[in-house]
Each structure stands twice: as structure tokens, then as C-alpha cells.
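User: I have a structure open and want the labels on it justified. For each one, set the value against the cut-off and conclude.

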Amino acid sequence: MWGRFGIPIISLAGGIVLSANLVIADTAIPKRPRNYTPQEFRAVLRGFGYKVDVTNVPLSDGATRQAIREFQKRYRLLADGVAGPKTQDMAAQLVSNLQRSLNLVVKPNPPLPGDHLYSPQTAVAVGLFQRQFQLPETGVATIEVRRKIDEEARKIIGKQPAPAEAAPTQAPTKPKPKPRGTPKPQASPTPQPTSTPQTSPTPEATPTPQPTSTPEATPTPQATPTPQPTSTPQPTSTPIGP
């Protein structure tokens, strides 16, 4: 079954993305709840302005692979023409951000779910935006249309008032009292200087006097006895004979 803008009616899935529509480099790519089917991924490519037929056959025909390569080059992915995990993650982020911006600008009822599918409801919301800003009503969100949607969404975000609890509360201004005469200046007490305790010097140890060696007494010299002269015996006179 086909919708108003040539997009097949497909089931919706959850998975909200919080970053802005075209701010890709500074945001983390969300995890998809599941892989795209060939029909769902073709619907994304068709919804972004790539020339593919929305069928459920494998994504291996030449036109589809060329569209995938162009998509990959635009968002600096490996341009191999295969809808691998990174390519599907990027597509999921772009669709989710587009739906969130449309909820701010167009305010569809019910709001778009912010999932990873370019559903017929998404195509209708894109068409309402194009009508509101006097653009060709195609339901296709080319890069130029998405830039315009993102620009308008940022304007709305900038105009939204801050929550009441986040706003700073200004204290009421108290009336200034009228002076009742010139008050006498009060003498300020002069602070008494606090005496700084003197540090007691540490007593130095008194050196113990070393005992002075007592000089030994000099021995008194003994008197040398004077030798007495030996008396010389007198010769005995020999009597002279007769």
C-alpha cells in the first residue's frame, strides 16, 4: 500500500535521538533498534531525494548501489555502495533528527515518533513544512529542505523560555532607610598587641673538666760519700849492726 508521497506504509519503531538535525560531527550515532529491511532503506534514500524505486528486493541493483555510494560520500563514510552498519546508523540518525525538528516546526498531530524510519507520516510532515514556507510540496527532504527545517527548529529553540525553576530569582529591593541625624562615629577599640612568647634558649651542656695530671716528685739526689784518704804506712827502720 502506497502513501500520498509515493512512500510505502511501513511499521514504526522506537529509538529517540536527542541531537540536532544537521549537527553530525559532534554527536554520537545512536544504536538502531534493528536493521533496515531493503524496502525501509530504499524509503529513506527516496525520502532524502535519491532516485531509487521503493521495493523489497535486495539492495544490489546498480541504481540502488549508486544512491548508497552518493549517500556515503556526503556523510564521509566508506563509499562501497553497501548498506552496512555504519551507513544504516547514519541514516537512522538523520531520520530521527528530521522528525524531531518537524515536531518543533510543523507540530504534526500526532507527533512523529523520532524513530529511524522515513514513514508516510514523515513525508506528510515534510510536505506541510514545504507548503508553510512556500516550497514545492513533494514530501522529499533533500539536503536543502533539511537545512531549512533545521534552521527554523533552531529559531524556535532559541525563543523558548527557560523553565521557571531554572530562572534566577531576583531578590526584592529593600527601601533605603532615611537617615535620622548624623550618627556619632564610634571609637573602634584599639586591638592590644598579643605578646609573642619568647622561646627559652636551650641550656648548653657544661663541659666536664678533665682532671689535671699531677706531676711526679723529682727524687732528691743522694749525697755521694767522700772517700777518706788511706794512711801510708811508715817504713820500719832497720837497725844497723855493729
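Analyst: The model is predicted, and the labels are taken in turn below.

User: What makes Tyr 36 and Phe 41 an aromatic pair, and why is the pair called edge-to-face?

Analyst: Rings pair if their centres lie within 6.5 Å, and planes over 60 degrees apart count as edge-to-face. The centres of Tyr 36 and Phe 41 are 5.5 Å apart and their planes stand at 70 degrees, so both conditions hold. The structure holds five aromatic pairs.

User: Why is the pair of Phe 129 and Phe 133 called tilted?

Analyst: Its ring centres are 4.6 Å apart, and the angle between the planes is 35 degrees. Stacked needs under 30 degrees and edge-to-face over 60, so this pair falls in the rest and is tilted.

User: Are Phe 129 and Phe 133 buried or partly exposed?

Analyst: Buried means under 20% relative accessible area, exposed means over 50%, and partly exposed is in between. Phe 129 has 0%, so the label is buried. Phe 133 has 25%, so the label is partly exposed.

User: Which residues do ring pairs link into a cluster?

Analyst: The cluster consists of Tyr 50, Phe 71 and Tyr 75.

User: How do you know that a charge sits over the ring of Phe 48?

Analyst: The distance limit is 6 Å from CZ of Arg to the ring centre, together with a limit of 35 degrees from the ring normal. The charged end of Arg 146 is 4.1 Å from the centre of the Phe 48 ring, so the distance condition is met. The angle is not quoted here, but Arg 146 is listed as sitting over the ring.

User: What makes helix H1 mostly covered?

Analyst: Helix H1 spans residues 38–47, and seven of its ten residues are buried. Among them are Phe 41, Arg 42 and Leu 45. Phe 41 has a relative accessible area of 1%, under the 20% limit, so it counts as buried. The cover over the buried residues of H1 includes helix H2 (62–74) and helix H3 (85–105).

User: Why is Arg 42 called buried, and what is it in contact with?

Analyst: Its relative accessibility is 1%, and buried means under 20%, so the label follows. Leaving aside neighbours within four places in sequence, the contacts of Arg 42 include Val 52, Asp 53, Pro 58, Asp 61 and Thr 64.

User: How do you know that Asp 61 forms a salt bridge with Arg 42?

Analyst: The cut-off is 4 Å between a side-chain nitrogen of Lys or Arg and a carboxyl oxygen of Asp or Glu. The closest N and O atoms of this pair are 2.8 Å apart, so it qualifies. The bridge links distant parts of the chain, with Asp 61 in the loop between H1 and H2 and Arg 42 in helix H1, 19 residues apart. Asp 61 has 30% relative accessibility, which lies between 20% and 50%, so it is partly exposed.

User: What makes Asp 150 and Arg 154 a salt bridge, and where do they lie?

Analyst: Their N to O distance is 2.9 Å, within the 4 Å limit, so the pair counts. Both residues lie in helix H5, four residues apart, about one turn of the helix. Asp 150 is buried at 6%, whereas Arg 154 is partly exposed at 43%.

User: How many salt bridges does a search of the whole structure find?

Analyst: The search finds seven. A network of salt bridges links Lys 148, Glu 151, Glu 152 and Lys 155.

User: Why are Arg 76 and Gln 134 called exposed?

Analyst: The threshold is over 50%; Arg 76 has 80% and Gln 134 has 76%, so each counts as exposed. Phi of Arg 76 is near 55 degrees, a positive value in a residue other than glycine. Phi of Gln 134 is also near 55 degrees. Arg 76 lies in the loop between H2 and H3, and Gln 134 in the loop between H4 and H5.

User: What about Gly 139: buried or exposed?

Analyst: Gly 139 is in the loop between H4 and H5. Its relative accessibility is 2%, under 20%, so it counts as buried.

Key: Residues numbered from 1 in each chain as written. Heavy atoms only, no water. Phe/Tyr/Trp six-rings, centres within 6.5 Å; stacked < 30°, edge-to-face > 60°. Buried < 20%, exposed > 50% of the residue type's maximum accessible area, 1.4 Å probe, protein only. Helix = DSSP H or I, 4+ residues; strand = E, 2+ residues; numbered from the N terminus. Contact = heavy atoms within 4.5 Å.
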